[in-house]
Amino acid sequence: MRKVLLYLIIISTGLIFVSRLFYLQVLNTSFAALSEDNAIKMIYDYPQRGAVYDRNGKLLVTNQPSYDVMVIPREVKAFDTLEFCGILGITKERLLKQLKKASVYSPRVPSVVIPQLTKDEYAYLQEKMRKFTGFYIQKRSLRDYQTENAANVLGYIGEVNEALIRKNPYYLSGDLIGMSGVEKQYENELRGIKGVKRIQKDRFNRDIGPYKDGKFDTLPVNGNDLTISIDIDLQAYGEKLMQGKRGGIVAIEPASGEILAMVTAPSYKPELLVGRKRSPNFTKMYYDTIAQPLFDRGVKGAYPPGSPFKTINALIGLQEEVVTTEDRFSCRNGYYYGKSRRRFGCHSHRSPLNMIPGISYSCNAYFANVYLRIINKFDTPQEGIETWRKHVESFGLGNFLNNDLPTGNSGKVPTAKYYDKVYQYPKYKWFATNTISNSIGQGEVLATPLQLANMTAAIANRGYYITPHMLKKREGKPITDPNYMQPKYTTIDTKHFEPVVEGMHQVFTQGTASFLQSPGIDICGKTGTAENFTKIDGERVQLTDHSVFIAFAPKDNPKIALSVFVENGHYGSKYAGRMATLMIEKYLKEKIERTDLEDWVFSHSLEEEYAKPLSGEPFKINQ
């Protein structure tokens, strides 16, 4: 019996070893992955990155071939470094530095020595590669831009760094990845999937054929083609209008939330960040801390919204039932408040005014009264501010909007806690008048051009907005993401919007933008002049005011809502208002009829204004 038991143990043990060996060598591919560094060479076949089209089907971005010189450090044999460097046009010091870096990364895994050869460089080097064992050429795709516009929208691709490689094992040294814009946001869809060939090697490190007869080899899968919501002709026109100025223009289709244009100025041509010239060009623009061409003012620039914000206070006043459309307030070149009768200034116009002319003539005194009624409706200013804040935020202000843009700025809507901290409550009390600048979009309120355009779309829609977004179609099929289809309702009842819309309409028919009308288009808008401060030598200095304008058209069934923000542009209708009318004409009529406005914008620059902080010249302050 003991002998039988011994035999059973021996046989069982043998079966276990044989089974385990069979599993490891035949069935379990994870063991193969562990041994690939030693016995298997991976050859990657890179897919074509997806193309990008504008909303009208115009090709914006496609691909061009690129060739990287790769090295596998442990396979390198003695070679003529001077000849190699001469072919590549690099110094010996740089070559040795790259080889050392590759060895540190991995002696067995390929690393880039020289990225992105031109076709001519590739053709010349390909003939001589046999001399340089351990080096080979990897074909990839670089972007080929079919437009000189929308660099901030499209973004660019760049080589992955070690941190990205550690974070995502899909990427290897030398791989390219979206670094900004659409390229970054939709990287996973655009990049496709690499194909892989596994080559078996013998103990002498020689290729002996496909690993397991190519069973685990895969073909590359090209990236998805994307259609974005941008109208490239409108985008290009906006960028032309902004030449010689700084700021942003954002246009949205109110019914869908699709972004029609997202202009930032100054900007750059997309092709500047392609290939080996990308690095020096990027460095030059990155260190331009004055013009900041890499700073997307349309989504990252947070500014005081100025008088366009009065429309929101009018709506909140109606919703909170502290004012009617017929309530009239007097204006004696401003509003006077407090024991010292401090003056809250305003420009000259007829008085008194009710809501609609209050909007069309942009009366500061009118909106100071409305705002104070909102805050003072409640027992404490804290409760009033919080109620006001919730209404404001329902228009998408004070947050990132949950859009599909990879960058942005949340802006600012002040809270009661903020004012408690500023005024050291409860040690000191604060009152509604301490926050009176909020009545006209100054003070602590900050918004981006994107947020103002979205706010305008919510007014155009009479109470809701669709989350602004850039993606329109994937592989020709419309997107179905509910976040970009379902309306987000404001806290304001629909019935309150019509008088505000009419006030915005009268801005063009008889108010502060009456000279900006376009024949045949009922435009609703609001001018804005935002005070502009900075610090120079440690002192707070007031600069030339910003020019702000929001508008939508037509009045009924609107097709476009936009905001225009021109830094140091004086008052709202001077620069921003003219640009708004022209952008609306361009989109709705596909031609420009107000050529007088166009000629004026094209012939005026603000470069001298932007140089004043450096030159010490005085600024133009609008009173």
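Me: A strand here is a run of E in DSSP, at least two residues long, and strands are numbered from the N terminus. What makes the home of Asp-68 a strand?

Reply: Good place to start, and keep in mind that this is a predicted model. Asp-68 sits within residues 59-71. A run of E needs at least two residues, and this one, strand 3, covers 59-71, so it meets the definition.

Me: Why is Asp-68 called buried?

Reply: The cut-off for buried is under 20% relative accessible area. Asp-68 has 2%, so it counts as buried.

Me: What makes the pairing of Asp-68 with Arg-140 a polar contact?

Reply: The limit is 3.5 Å between N or O atoms. The side chains of Asp-68 and Arg-140 come to 2.4 Å, so the pair falls within that limit. The side chain of Asp-68 also reaches the backbone nitrogen of Gln-116, at 2.6 Å.

Me: Which residues farther along the sequence are in contact with Asp-68?

Reply: Once neighbours within four places are set aside, the contacts of Asp-68 include Val-112, Ile-114, Tyr-136, Gln-138 and Gly-174. Gln-116 and Arg-140, the two polar partners above, are also among them. Contact means heavy atoms within 4.5 Å.

Me: What makes helix 10 mostly covered?

Reply: Helix 10 spans residues 232-241, and seven of its 10 residues are buried. Those buried residues are Ile-232, Leu-234, Gln-235, Tyr-237, Gly-238, Glu-239 and Leu-241. At the start of helix 10, a side-chain oxygen of Asp-231 comes to within 3.0 Å of the backbone nitrogen of Asp-233.

Me: Why do His-570 and Glu-590 stand out by their phi angles?

Reply: Most residues other than glycine have a negative phi, so a positive one stands out. His-570 has a phi near 75°, and Glu-590 has one of about 60°. Neither residue is a glycine.

Me: Buried or exposed: how do you know which word fits His-570 and which fits Glu-590?

Reply: Compare each value with its cut-off. Buried means under 20% and exposed means over 50%. His-570 has 10%, so it is buried. Glu-590 has 67%, so it is exposed. His-570 belongs to the loop between strand 21 and helix 20 (576-589), while Glu-590 belongs to the loop between helix 20 and helix 21 (595-603).

Me: How do you know where the cis peptide bonds at Pro-352 and Pro-554 lie?

Reply: Most peptide bonds are trans, so a cis bond is worth a look. The bond joining Ser-351 and Pro-352 is cis, with omega about 0°. Pro-352 is in the loop between strand 14 (342-345) and helix 14 (355-360). The bond from Ala-553 to Pro-554 is cis too, with omega near -15°. Pro-554 is in the loop between strand 20 (539-553) and strand 21 (560-566).

Me: Now the whole protein: how many helices and strands are there, and what share of residues is buried?

Reply: There are 22 helices and 21 strands. Of the 623 residues, 53% count as buried. The protein exposes about 29,600 Å², with carbon and sulfur atoms supplying 51% of that area. The C-alpha atoms fill a box of roughly 110 × 75 × 50 Å along the principal axes.

Me: How many positive and negative side chains does the protein have?

Reply: There are 81 positive and 66 negative ones, and the centres of the two sets lie 6 Å apart.

Terms used. Residues numbered from 1 in each chain as written. Predicted model: local features only at pLDDT ≥ 70, side-chain atom pairs only at ≥ 80, totals over all residues. Heavy atoms only, no water. Helix = DSSP H or I, 4+ residues; strand = E, 2+ residues; numbered from the N terminus. Buried < 20%, exposed > 50% of the residue type's maximum accessible area, 1.4 Å probe, protein only. Polar contact = N/O pair within 3.5 Å; in protein donor to acceptor, adjacent residues only side chain to side chain. Areas by Shrake-Rupley, 256 points an atom, 1.4 Å probe, with all protein chains shown as cover. Lys, Arg positive; Asp, Glu negative; His and termini not counted. Charge placed at Lys NZ, Arg CZ, Asp CG, Glu CD.
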